[in-house]
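Here are my notes for you on this one, written as numbered points. Keep the structure open beside you and look up each residue as you go.

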Amino acid sequence: PRNIASPSPYCEGLSVSQHYSFSQENIVGLSVVFPQTLIPEENPTDLFSFSSQDTSESFISMFERQSAHNFEIEGSEFYFRFDPASVGRGDGFHFAVIPITACQAFERSLGSRFEATEQQVLTSPESCSSLHFTHHYAFTNETVVKLDVTFPDGTSYFLPGEENVFRFCGDIHCENVLMNIVPSYEPLSFRIESTEFYLQASNDYQEPVPGFIFLVTPVTECDVFEASEGQIFDTLEAQTVQAPTPFCSGLNVKQHYSFSQAQIARVHVSFISNQRTEGAPIPTGVSFTFSHDEQGAEQIQSVILGMSQEFTFAGSSFYFLSDANFGEESATSFSIVITPITECEIFEEFEGETFTDLGTHVIQSPRPYCGDLSVEQNYAFADETVVAIRVAFPPREDPIESIGSLTFTRDSEGLGFFKTLLVSELEDFVIEDSRFFFKFDVTEGENAE
């Protein structure tokens, strides 16, 4: 610290304009301290002014003697002016200037808040010793959902030892430690599942140690969606895939979605273009591809952003592909509702068939058996020479456990009754007609036949 004081006894009519500076390169700020006990009060309106340049317009601070206060100056120099209120007996002054080094300024810092979504480089000054701090860093942009941290040159600046700490935390008290840093020359990368973190360090080395540098890359909802490879659904329930809102201006995705349940035979897709922000244009010609393969050669459907479309295809999986680049002014988004359709559902919706030949036809419900199956189907032979139909049930190797019945009538109204058979007592029989209506309804759970 340096004391700056006018002569004592005080000079009459004292008016000064002075320049003070510190020549050491590591000084980044100055703390100006006025000890109140040393300030005479004969002329409380004497004016002190501090400025960054030799001009009265570049004020850092200006105040009267009676309101003398402490403050800080960025940089290592300042211009000082003192103008007494009276020409007669003047009052002197006394204040201290304390240099603030880069290490001290860094240690005092509370951290930073970033509104942008660009990568941030966080560094400490070099050659600091006995460094202790807790900094809070946060990304405030609403689209940011997590953070990637990378130490490109390793973490060797902190030597091992119980008295030396360097860690990332989820709270100011470091009760939730996200990452403990182990000194190493190898690059280090990790992800923080949050938009903020506390950085705590404690270095008790009396000798200066090298500074550190690491990169913090905000990960947006668009980044997460673009990096997603899709998902495997172990369910028979409909699933929704939601793209970020507002829509990403450049979206390059290759995602694979599939259902693992073996009984799924088809998938119904609803591509829904969400309502855009009022006044935001819809990009023209932006399309997405649903395909059986990841190259898009076996295309299932092409959909256009801004339009909602529905389609169904055979299979239990698909690739969703896009390479869309357009202006950031678009606020359009989309969602994909994926509904699996099981073989049981398809069989239940099947209304029957008219056979045009005279061959034997097999009518088979899905296997493994449906747990809740309700069927109403019409079957007929178109050939006018057919006068009867032989219905046969092949032998079964597995035991029949469910109760239920099969009913054969001529029509859906139950007229022209042919036969009712219990599932456990099936037998062959002949229908004296060229057509029949078949009804089966059992809700006995997983053991239904």
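1. Let's start at Glu193, which is exposed, with a relative accessible area of 58%. Keep in mind throughout that this is a predicted model. Glu193 has a charged partner: its side chain meets that of Lys146 in a salt bridge, at 3.1 Å from N to O. Now look at where the two sit along the chain. Lys146 belongs to strand E12 (residues 144-151), while Glu193 is in the loop between strand E15 (188-192) and strand E16 (196-203), so this pair links distant parts of the chain, 47 residues apart. Is Lys146 buried or exposed? Lys146 is buried, because its relative accessible area is 15% and the cut-off for buried is under 20%.

2. How many salt bridges does the structure hold? The count is seven. Another of them joins the side chains of Arg108 and Glu72, at 2.5 Å from N to O. This pair, too, links distant parts of the chain: Arg108 is in helix H1 (residues 102-108) and Glu72 is in strand E6 (residues 71-74), with their positions 36 residues apart. Arg108 has 47% relative accessibility, so it counts as partly exposed.

3. Have a look at Glu427 and Lys419 as well. They form a salt bridge, and their closest N and O atoms are 3.1 Å apart. Glu427 is partly exposed at 40% relative accessibility, and Lys419 is also partly exposed, with a relative accessible area of 23%. Lys419 falls in that class because buried means under 20%.

4. Asp293 is worth a stop. You'll find it in the loop between strand E22 (287-291) and strand E23 (299-304). What is the nearest side chain of opposite charge to Asp293? That would be Lys254, 9.0 Å away; Asp293 is buried yet has no salt bridge. The distance explains the missing bridge, because a salt bridge needs the nitrogen within 4 Å of the carboxyl oxygen. Asp293 does have a polar partner, though: its side chain reaches the backbone nitrogen of Ala297 at 3.1 Å. Leaving aside neighbours within four places in sequence, Asp293 also touches Glu298, Tyr319 and Leu321.

5. Next, Thr409, which is part of strand E30 (residues 405-409). Thr409 is buried, with a relative accessible area of 5%. Which backbone atom does its side chain reach? The answer is the backbone oxygen of Asp411, at 2.7 Å. If you skip residues up to four places away in sequence, Thr409 is in contact with Gly414, Leu415, Gly416, Phe417, Phe418, Phe436 and Phe437.

6. Last, a sheet to trace by eye. Some background helps here: strands in a sheet pair through backbone hydrogen bonds, either parallel or antiparallel. In this case four strands make an open sheet in the order E2-E7-E4-E5, with antiparallel pairing. At the edges are strand E2 (16-21) and strand E5 (59-64), each of which pairs on one side only. On average, neighbouring strands in this sheet are turned by 15 degrees against each other, ignoring direction. Zoom in on strand E4 (residues 47-51) and you can follow its antiparallel pairing with E5 over five bridges. Which residue in E5 is the bridge partner of Leu47? Look for Glu64.

Note on methods. Residues are numbered from 1 along each chain as its sequence is written. This is a predicted model: local features need pLDDT of at least 70, side-chain atom pairs count only at pLDDT 80 or more; totals for chains, interfaces and linings use all residues. Side-chain values use heavy atoms; hydrogens and water are left out. Helices (H or I, at least four residues) and strands (E, at least two) are DSSP runs, numbered from the N terminus. Buried means under 20% relative accessible area, exposed over 50%, partly exposed in between (1.4 Å probe, protein chains only). A polar contact is a pair of N or O atoms within 3.5 Å; within protein, one must be able to donate a hydrogen and the other to accept it, and residues adjacent in sequence count only if both atoms are side-chain atoms. Contact means heavy atoms within 4.5 Å. Lys and Arg count as positive and Asp and Glu as negative; His and the chain ends are not counted. Two strands pair if DSSP finds at least two bridges between them. Axes are lines fitted to C-alpha atoms, for helices over the stretch in contact, and angles run from 0 to 180 degrees between N-to-C directions.
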